[in-house]
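Student: Please take me through this protein and then look closely at a few single positions in the chain. I would like each position tied to its surroundings.

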Amino acid sequence: MSKTIFQNYLFYFFCFLLFFQSDFLFAQGSIKGKITDIQQKPFSSISISLQNTTLNTLSNEEGFFELSNVPNGKYTLLITGLSIENINKNIEMTDNSVLNLENIIISEKTQILPDAIIIAKKEISPLRKVAEIEGTQLFASKKVDVINLTDIDANLINNNARQIFARTPGVNVWENDGSGIQVGVSVRGLSPNRSWEFNVRQNGYDVSSDIFGYPEAYYNPPMEAVKEIQMVRGAASLQFGAQFGGSLNYMLKTGDKNKPFAIEVQNTAGSFGLTSTFIGMGGTKGKWNYYGYVQNRSADGWRQNSRYNIQHYHAQVNYQINQKMKIGLEYTQMDYQAQQAGGLTDTQFNQNAQQSFRARNWFGAPWHLYALNFDYQISQNLKLNTKIFGLIGERNSVGFVPSAGILALDNNSNRQIDRDYYQNIGTETRLIYTYELFGKKHNLATGARASWGNTFRKQNGIGTNGSDFNLGMLDNTDFGRVLHFETKNLAFFAENMFQINKKWTITPGFRFDYIESTSEGRLSFNTNGTENLINPQFAARQIALLGIGTEFKITENTSFYSNFSQSFRPVYYSELTPPATTDVIDPNMKDANGFNFDLGYKGQIQEFLRFDVNYFRLQYNDRVGVLTLARPDNSRYQYRTNVGNSTHEGIESYIEFTPTKIQKTQNKWGDIQIFGSLSLMNAKYNSFQLRTFNTTTNQFVETNLAGNRVENAPQSIQRIGASYLYKGFSFTYQYSKVGEVFADATNTETPTTNGVSGKILGYEVMDISASYVFLTNYSLKFSVNNLTNQMYFTRRAGGYPGPGLLPSEARSFYLTFGIKF
C-alpha cells in the first residue's frame, strides 16, 4: 500500500512540473534574429524589446536573440545599445508563427569620452544586501544574512566559524574541532552538533548524511573556495523543508567571466604544524564556464593526539545552451583522517587542557557529491531551476571506547569499529512566476522535490589493537550491530509575494511533505550466536506547513518585516533504534513540530549605517526523550517517546557604523567601521517529562523539567569589532563573549566525575586578522586566533568524540601568501 501511495505522489510531482511548464509546451509566437555590423561582425549585449510590452532580451555573443510567447498583433521592435544608433522596426505576428528576421545591421555611434580611472576596491563590510527575489528563491519578509567571504578578514584556512559568523547575531559555535573539518553552528538555542538543526546545502543542494533521518553535516567546503554563505532563519521551512534552524547554504566560487583562464594559489603556514595549499582555477571560453579547486591541509593539532590531514577536490562546468538555457555539472570530493584526542574531566582540564588519554582513536568521512543544474528562462515572466543531486559518503571511526568512559585507561585492547554508508539521490525544481493582478506585479515562488536516502549502519566491530587509522577487523568476526534505514520524500511548496502597494508586500505560503521511513536489521548477537533482530518499522506521514510574512518599507532602504512559519524536525534514526534489546520505541512517536516567528526592523542609512534588529520566538513541541516503565512482571524497560516542549524567545540585533562615509567623499586615510552583533535569549522547557527508577527506595520517580533552561542555549552572545581598510590593506579586531550554558536538560550544576554533565562556563575570546594586496596579483594574510590565550570549552560529550569535556583551541597564528593571475 505504501508503495502505491509513493507512486501516486510521484505521478502528481511530474504533473506539477508539466503544469508549470505548459507556457513553454503550448507557446505562442516567437521572434528570432541576429545583430551584426556592416562587416557581418556579431554584436552582443544589445537590447531587443517590444514597445509597450514587458518582452525583452539581449543578443548573445554570436549576435543571436529570441523573443518567445509573443501574442498575435502589431508591434514596434526596439533595438538599443550604448554604442549604437537605435533602430525601431514595425512587425506583425500572425497565427502564432515564428518570425525570422534576417541579419539586422546596426551602425556604431562615435563618442568622445573624458579620461577616467577605475579603481577596484574591497568592500569594508562582508555583508551583502539581499534582494526580495534572487534566482528562483523568494527572500521577501524573511531574516536573511549573506556573508561575502571575498570581503572578510577571518581565518578561512581552518573554517573558523567564530570569526566567519561574527556579524551574524545569535550564532552559537561549538569550538571543539580546531581543524575546522566539521563546522558546528546553531541559532536560537538549538544544538550546534554538526549544524544538524540547519538544512545544510552547497550551491543549493543537500550535503548532509540524510536530512530526514541523520542530518549531521560531516562535510563542509573549505571556506577559501566559498564565495558567500546564505543563512535564512526559521522562515526557511516552507521553501527548504525540515529543521527549526533554517537554511545554511554555501555558495562556491565560479570561473572568471572575463578571462578564459585564471588561477588562484594560497599557501599557508601556522601554529601546531599547520600547512595548507589551496589552488583554484577557472574561466570562461565562449559558452563554457568552468571552475575547480584542490585543497590539502594538515596539522599536528594543539592537543596531544589530534593530528589530521584533509583533502578537498571540486570541479564544475557550465554551458550556456542559448540565451534562455544553461546547464551545469559539478562534482565534489572530500576525504580526511583525524585523530580524536577524546574528552577530559574538569580536573584534568584545569591541570592541562592539552593532554589526551586516547592515542588510538581516529575518525574519517570520505564524501562524494554530484549535481546537475539546469536553468531555463521559460518566458519573460517565468524562470525555472532544476537540480538533480546525489551523495555517496561514509562515516568511519576506530578507537578505544570503554563503557566506563574517560576514567577507563587504554590497555591496548582491540579497538571498536563503527561504519556508516550513505547513498542519497534527489531532485528539486523551483520556479519564479511574475504576473499582473489589479494593476500590480506579484511573484509566485513554487516548486517540488523528490528524494531517496539509504543508510547502512555497522557498529561494534572488533578491530586491531594498533594505533593507526585501520578499519580492518579480526578474522571471522562480524559487526555486532547491522542496521538499514531508508527514507523517501516528496514535497510541494509555494509562496506568493503580493505587492499591495509600492511599500507593502504580504507573502503567504505553504509546504506539503510526504515522508516514508523504514528500519530493519540486527541489534546484537546473543551468547549462543543467534541474532537479536529489531522489529522492522515503517512509518508514513504527511506534514503540512503554513506561513505568512509581510514587509513594509519606511524609506527606500529601511523596512519593518515579520514572518510566521510552521516548522518540523523528523524523528532521527538514533531515536528509532533501541540501544538495548529490552528498550521499546513508541510506535506512535511523532516528528517534533512548532513554529518560528520574527518581527524586526532593518535597513541602511546612506552608506555609513546598517542595522537589523528583531524579536524572535521559536516553539519546539514533541521533543523526544526516554521514560522508565514497568512490565506486568515488574521488570523495567526504557520507553522512548515524545516527552516535552520548549519555548525560545529573544532579541537578535546587528549594527555597523562607518564614520568615514558620512561625508560621502573618498577619505584619503581609508575607511573605519565599527560593528556589533548581540543576541539575548530565554530558552526554557514548558514541559519535559522524566520517569526513572530509584534503586534505593525501589520506587519509580516522576519529575518534570518545566522551567529548566534548554541545554546548549546561551542567554547572551555578543560579538563586537572594528575594521580598517586603506587601499590594499585591511585589518579587523573582534571580541566575542558567550554566556554560560548547561550540558543537559536537568541543568546539572556541579560537573560529574567523568566530565560528561555539568555547567559550561561562559567565555571571552579576541581575534585579529589582516590582509594586504600588493603588485595587483599578490597578497599576504595574517591572523591571531584567541589573542589572549584563554582556556575554555564549549561542549561536553557523552559519546563520540568524547566522552568528557572537549577543550577549545588556545592561541594560534597563521600566515598566507597568495597569488592570482
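**From the whole chain to single residues**

Tutor: The protein carries 75 positive and 70 negative side chains, and the centres of these two sets are 3 Å apart. Bear in mind that the model is predicted. Its secondary structure amounts to six helices and 47 strands. The radius of gyration is 29 Å, close to the 28 Å that the globule rule gives for 821 residues, so the protein is as compact as a globular protein of that length. Along the principal axes, the C-alpha atoms fill a box of roughly 95 × 65 × 55 Å.

Of the 821 residues, 55% are buried. The accessible surface comes to about 36,100 Å², and carbon and sulfur atoms account for 55% of that surface. Counting contacts between residues at least 6 apart in sequence, 67% join residues at least 24 apart.

Next, the interior. The largest nonpolar core has 59 residues, and those that touch the most other members are Leu149, Phe165, Val185, Met223, Ile229 and Trp367. Take Phe165 from that list: beyond the residues up to four places away in sequence, Phe165 touches Ile147, Val171, Val185, Ile229, Met231, Leu248 and Arg719. Apart from this core lies another one, of 19 residues, with Ile31, Leu67, Leu77 and Ile79 among them.

Arg719 brings us to the residue before it in the chain, Gln718, which is found in strand 39, residues 716–726. With a relative accessibility of 31%, Gln718 counts as partly exposed. Leaving out residues up to four places away in sequence, Gln718 touches Ser677, Leu678, Tyr735, Ser736 and Lys737. For Lys737, the C-alpha atom is 5.1 Å from that of Gln718, while the two residues are 19 apart along the chain.

Asn708 sits in the loop between strand 38, residues 699–704, and strand 39. Its relative accessible area is 19%, and the cut-off for buried is under 20%, so Asn708 is buried. Its contacts, once residues up to four places away in sequence are set aside, are Ala683, Lys684, Tyr685, Ala745, Thr746 and Asn747. Of Lys684 one can add that it is 24 residues from Asn708 in sequence, and 5.5 Å from it in space, C-alpha to C-alpha.

Two residues in strands come next. Asn614 belongs to strand 35, residues 609–630. At 2% relative accessibility, Asn614 counts as buried. Setting aside neighbours within four places in sequence, Asn614 is in contact with Lys143, Arg188, Tyr561, Asp598, Leu599, Gly600, Gly650, Ile651 and Glu652. Ile662 gives a different kind of separation to read: Asn614 and Ile662 are 48 residues apart along the chain, and their C-alpha atoms are 25 Å apart.

Thr641 belongs to strand 36, residues 636–657. Thr641 is buried too, at a relative accessible area of 8%. Beyond four places in sequence, Thr641 is in contact with Asp586, Met589, Arg623, Val624, Gly625 and Leu627. Ser524 lies 117 residues from Thr641 along the chain, and the C-alpha atoms of the two are separated by 22 Å.

The last two residues concern the backbone. Most residues other than glycine have a negative phi. Ser195 has a positive phi of about 55° although it is not a glycine. Ser195 lies in the loop between strand 13, residues 184–186, and strand 14, residues 198–202. The relative accessibility of Ser195 is 1%, and this residue therefore counts as buried.

Phe272 also has a positive phi, near 60°, in a residue other than glycine. The place of Phe272 is the loop between strand 18, residues 262–270, and strand 19, residues 274–285. Phe272 is partly exposed, with a relative accessible area of 26%.

How values were computed. Residues numbered from 1 in each chain as written. Predicted model: local features only at pLDDT ≥ 70, side-chain atom pairs only at ≥ 80, totals over all residues. Heavy atoms only, no water. Core = buried A, V, L, I, M, F, W, Y, C linked by side-chain atoms within 4.5 Å. Buried < 20%, exposed > 50% of the residue type's maximum accessible area, 1.4 Å probe, protein only. Contact = heavy atoms within 4.5 Å. Helix = DSSP H or I, 4+ residues; strand = E, 2+ residues; numbered from the N terminus. Rg over C-alpha atoms; globule rule 2.2 N^0.38 Å. Areas by Shrake-Rupley, 256 points an atom, 1.4 Å probe, with all protein chains shown as cover. Lys, Arg positive; Asp, Glu negative; His and termini not counted. Charge placed at Lys NZ, Arg CZ, Asp CG, Glu CD.
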